[in-house]
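This report describes one structure for a reader who has not met it before. The sequence and the model are shown first, and the description follows.

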Amino acid sequence: QTIVRLADYRPSDYLIDRVDLDVRLHPTETRVTATLALRPNPDGEPGAPLVLDGDELTLLAIALDGQPTGPGAIAVTPRSLTLHQPPQRPFVLAIETQVNPSANTKLMGLYRSNGVYCTQCEADGFRRITYFLDRPDVLAVYTTRIEGERADTPVLLGNGNPVAQGEIGLTRHYAIWHDPHPKPAYLFALVGGRLGRVGSRFTTMEGREVEIAVYVEPGKEGRAGFALDAVARSMAWDERTFGRAYDLDVFNVVAVSDFNMGAMENKGLNIFNDKYVLASPDTATDSDYANIEAIIAHEYFHNWSGNRVTCRDWFQLCLKEGLTVFRDQEFSSDERSRPVHRIADVRTLRARQFPEDAGPLAHPVRPRAYREINNFYTATVYEKGAEIVRMLRTLLGPDTFRRGMDRYFATCDGTAATVEDFLAAFAHESGRDLTAFAQWYEQAGTPTVAVSGTYDPAARTYALAFRQSLPVVATEAAAGAVDRPQLIQPQLIQPLVIPVALGLVAREGGPVEAVSERVHDGVFVLETAEDTLVFEDVAAPPVPSLFRGFSAPVKVEHALTRDERLTLLAHDGDAFNRWQAAQSLAMDVLVGRAKAGAPRDAEAGPEGAALSAALATFLDGEALADPAFAALVLTLPEEQEVAQTLQAEVDPDAIWRARQSLRVQLGRDLGPRLRALRAALAEPAGTPFSPDAASAGRRALRNAALDLVTAADPDAGTALALAQLDAATTMTDRLAALASVSLVPGEAREGALARFGETYRHEPLVLDKWFAVQAMIPEDGTPDRIRGLMRHPAFSLGNPNRVRSLIASFSLNNPTQFHRPDGAGYDLTVEVVLALDGKNPQVAARLLTSFNTWRMVEGGRRRRAEAALRRVAEAPGLSPDVSDIAGRSLA
Ligand code: HT7
Ligand code: ZN
């Protein structure tokens with residue numbers, strides 16, 4: 001398997017200006033004629049052969065400038081088509097290929113989902129439709145003619161604007177779409193099928209009338225309205241916030257049920273996993289609504305950050321993904337609550353990206369080498385990539401940042417750009433040298449910033465000493481040598497430019513107005529390995545509030561006392577750090593109990609009691625004022641986060657027991673308050689459903705309270721949950737009740753699960769939630785339960801959503817069972833990975849990343865995990881996707 005390296009990038013030897021595609025849809029024998037207007041690239045090698053990419057293609061015919069190619073002029077394999085001596089002037093190549101969409105279980109290229117023809121071309125799926133220069137720096141103007149049976153495919157959609165349609169004989173018809181904006185092949189899409197439509201119009205700030213539409217399975221139109229509205233809100237937000245207007249006459253979103261990821265930003269024709277489109281109060285939770293809004297926005301925002309300005313090569317993936325995640329996070333923060341959203345984003349980063357950065361799959365935000373690009377759509381590229389953009393805004397300030405964005409879009413529009421192009425726009429607007437900042441793209445690993453504060457009463461100064469470091473595990477991956485990991489010598493690690501948003505809080509509450517000329521707009525910039533920041537004129541020892549709003553993606557080592565944390569929880573002006581203070585207090589308890597191997601029903605310890613007392617005060621004071629924030633403050637760090645804190649020789653059972661004992665303690669100590677809160681937050685009968693942030697926040701706090709009440713008093717909690725399950729009018733409340741009941745073994749649980757499964761037997765997206773709840777039960781019987789559910793009529797290995805809900809929920813979100821000492825959790829996961837690999841390598845590889853933390857667990861488990869990974873690595877006929885993950889995990 002070959003390694004692709006950033007250092008080897010060369011421009012294409014040929015360019016394609018125009019592509020005319022004629023696609024005749026057929027379930028098993030779809031014919032594609034591609035007419036390509038090519039020319040030699042002035043930046044390429046003169047006279048080089050033209051090598052087009054292909055994948056599982058059958059070539060039917062080829063002509064050069066209208067003539068069949070002569071004998072020996074071309075060489076064809078299923079993976080490439082080579083024209084040995086292309087004309088050194090513009091020329092036209094017409095290629096006819098045949099593909100079988102019904103046999104396409106990889107869900108890359110042209111495939112069928114529930115009978116609907118659809119495509120997925122990123123990163124390298126277009127080569128599964130026709131032979132092509134399938135690389136992001138070859139931009140062409142596409143015209144697509146799609147032909148199909150009217151009965152099977154009444155709806156025919158392509159990129160760009162519709163230009164013609166018509167009948168062919170009695171049963172067939174066609175549509176022609178033209179996209180005037182040059183684009184790389186990965187943004188190509190078409191759809192053909194029986195689909196229902198909901199639509200509306202949007203007038204852009206430039207006065208363009210845009211028809212926007214969402215297509216779904218017939219009968220589900222009633223669940224598409226929220227997504228449609230989110231499209232219009234996204235368009236308006238991008239105009240307001242970044243001055244970006246939409247640039248075609250139509251914008252279509254199509255929901256399909258078989259999809260490898262969340263959604264795809266194809267030009268003018270976004271294709272979505274239906275999980276991120278379909279929403280009704282009875283089938284979707286509040287987090288589904290929030291995800292739909294965020295992903296609709298994300299894909300729409302790609303129209304500028306990704307489509308108008310695309311990536312030169314796949315090493316630059318963060319250029320579109322990190323930037324677009326940043327943009328969708330900002331959108332959600334503006335549409336909902338900014339602090340609540342920031343906390344949610346940081347929780348995701350810590351739960352997914354930090355472990356990735358600390359494990360064997362760690363890589364820089366801009367990797368330097370890959371074997372399989374599909375394995376690099378990672379939390380590091382997306383989420384850490386977004387944090388880099390956020391730091392840039394913090395460093396430059398919002399106005400300069402906006403000017404930099406404007407310049408980036410203006411100078412790079414219509415081009416395939418690099419991270420350097422992006423940074424150059426900001427360097428130009430700010431007049432700053434961003435070379436040191438660029439290290440964020442190059443070095444893997446989560447930096448640690450150790451901080452200590454010293455108060456000098458005589459001088460009335462307060463000094464904060466900072467020291468930054470990168471962990472050694474990460475420096476291996478930072479070498480970027482995926483074939484042979486090498487240690488980067490610690491002295492080669494460059495200090496990062498780290499914005500530290502900070503403030504000082506008085507012990508009795510209220511801000512301390514201390515001065516330091518090195519703090520601007522509340523931000524101190526740490527640029528060297530060590531530095532000390534001194535505040536003058538400080539009357540009394542303050543409590544520092546550091547990394548406000550999580551101003552940099554780092555781990556902070558800062559030995560605050562319990563009282564100092566309590567001060568921050570009660571008085572910090574920064575909501576994020578108030579939440580962080582509660583998390584740190586809880587984390588201290590959890591780590592202490594996990595290390596001590598605390599039994600499940602640990603007697604209430606004093607540190608736990610202090611947390612309870614602080615939470616009681618907090619709840620009394622403000623739970624009803626901001627229920628969404630209160631729900632987050634009440635939620636304990638996840639087991640995986642505790643494991644990250646412990647770092648080595650982790651015993652997942654000890655962590656679970658520690659967390660359980662604290663849940664019980666909080667539930668007991670706060671019980672009367674939590675019940676009162678539940679009552680106060682209950683919606684009066686007949687209240688119409690709203691998915692807005694305020695209503696969702698009230699539901700979140702009621703359900704966080706239910707969770708703790710049930711932990712402390714399983715019988716009473718189960719009774720409450722069963723009542724909620726019956727009376728609930730929203731899926732949020734129903735699912736939260738089911739999740740609470742699922743943690744209490746017994747007949748009540750089994751009955752509730754059976755009733756829920758029966759009620760929603762025809763709703764696959766709801767059954768996914770039901771699968772996931774059962775997959776996350778932290779009990780010995782869960783692997784067998786999962787094997788049983790794999791035989792459920794609604795389960796199919798062919799559908800990625802089913803695999804994610806039943807199997808990935810187990811492997812990623814059920815640490816005690818995945819890491820069972822007897823290895824049964826690893827065995828189950830490996831069994832599914834191997835069974836899936838022949839069908840859908842992308843999804844199989846992603847599932848295998850659940851082994852990312854295997855080196856952290858204690859010896860017995862570690863040996864079993866390693867053996868399981870070796871079984872995968874040594875299995876015959878592995879896909880490149882799975883073999884890459886297995887190989888790197890073991891390296
Ligand atoms: N740009 C897309 C990433 C993607 C993808 C989507 C669906 C199926 C396979 C895929 N491979 C890569 C989605 C996004 O980040 O917006
Ligand atoms: Zn994206």
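The shell around ligand 1 has five nonpolar, four polar and four charged residues. In this predicted model, 13 residues surround ligand 1, and the closest are Q120, E122, N260, M261 and M264. Domain 1 (1–194) and domain 2 (200–303) each give at least three residues to the shell. Among the secondary-structure elements, β20 (263–264) and α2 (286–301) each supply at least two residues of the shell.

**Confidence**

The pLDDT of the chain averages 96, and 97% of the residues score at least 70. Residues 476–487 have a pLDDT below 50, and beyond near neighbours in sequence this stretch has 28 contacts in the model. Where pLDDT is low, predicted coordinates should not be read in detail. For the complex, the predictor gives an ipTM of 0.98 and a pTM of 0.98.

**Domains and annotations**

How is the chain divided into domains? There is domain 1 (1–194), followed by domain 2 (200–303), domain 3 (320–555), domain 4 (560–712) and domain 5 (760–891). The centres of domain 2 and domain 4, taken over C-alpha atoms, are separated by 35 Å. Four residues of domain 2 are in contact with five residues of domain 4. On the domain 2 side of this contact there are three nonpolar residues, no polar residues and one charged residue.

Two annotations come from an unreviewed UniProt entry. Residues 94–187 are annotated there as "domain: Aminopeptidase N-like N-terminal". Over residues 94–187 the chain is 0% helix and 53% strand, with the end C-alpha atoms 21 Å apart. The UniProt annotation "domain: Peptidase M1 membrane alanine aminopeptidase" covers residues 226–439. That part of the chain, residues 226–439, is 56% helix and 9% strand, and its end C-alpha atoms are 40 Å apart.

**A buried helix**

Is helix α25 (residues 841–848) largely enclosed or left open by the rest of the structure? Eight of its eight residues are buried, so helix α25 is largely enclosed. The buried residues are P841, Q842, V843, A844, A845, R846, L847 and L848. The cover over the buried residues of α25 includes α22 (800–813), α24 (824–837), α26 (859–873) and α27 (880–890).

**Backbone features**

Most residues other than glycine have a negative phi, and most peptide bonds are trans. Some places in this chain depart from that pattern. The peptide bond from E122 to A123 is cis, with omega near 0°. A123 is found in the loop between β11 (116–120) and β12 (140–149). E122 also appears among the closest residues to ligand 1.

F550 is not a glycine, yet its phi is positive, at about 55°. This residue sits in the loop between β33 (543–545) and β34 (555–558). Q647, also not a glycine, has a positive phi of about 70°. The loop that holds Q647 runs between α14 (639–646) and α15 (652–681).

**Surroundings of single residues**

The table gives the burial of four residues, counted by other C-beta atoms within 10 Å.

| Residue | Burial | Other C-beta atoms within 10 Å |
|---|---|---|
| F550 | buried | 22 |
| Q647 | exposed | 11 |
| Y462 | buried | 24 |
| P281 | partly exposed | 18 |

Why does Y462 count as buried? A residue is buried if 20 or more other C-beta atoms lie within 10 Å of its own, and Y462 has 24, so it is buried. Y462 lies in strand β26 (residues 461–469). Leaving aside neighbours within four places in sequence, Y462 is in contact with G453, Y455, L504, A514, F535, V538 and P542. Y462 and P541 are 79 residues apart along the chain, and their C-alpha atoms are separated by 7.3 Å.

P281 is placed in the loop between β21 (269–273) and α2. The helix that follows this loop, α2, is one of the elements that supply residues to the shell around ligand 1. Not counting residues up to four places away in sequence, P281 touches F689, T729, T730 and M731. P281 and L738 are 457 residues apart in sequence, and their C-alpha atoms are 16 Å apart in space.

Notes
Residues numbered from 1 in each chain as written. Chains lettered and ligands numbered in written order. Predicted model: local features only at pLDDT ≥ 70, side-chain atom pairs only at ≥ 80, totals over all residues. Domains from an automatic or database assignment. Contact = placed C-beta atoms within 7 Å. Nonpolar A, V, L, I, M, F, W, Y, C, P; charged D, E, K, R; others polar. Buried ≥ 20, exposed ≤ 12 C-beta atoms within 10 Å, placed from the backbone. Helix = DSSP H or I, 4+ residues; strand = E, 2+ residues; numbered from the N terminus. pLDDT = per-residue confidence, 0-100. Near = placed C-beta within 6 Å. UniProt positions renumbered as here; feature names shortened; annotations may be inferred.
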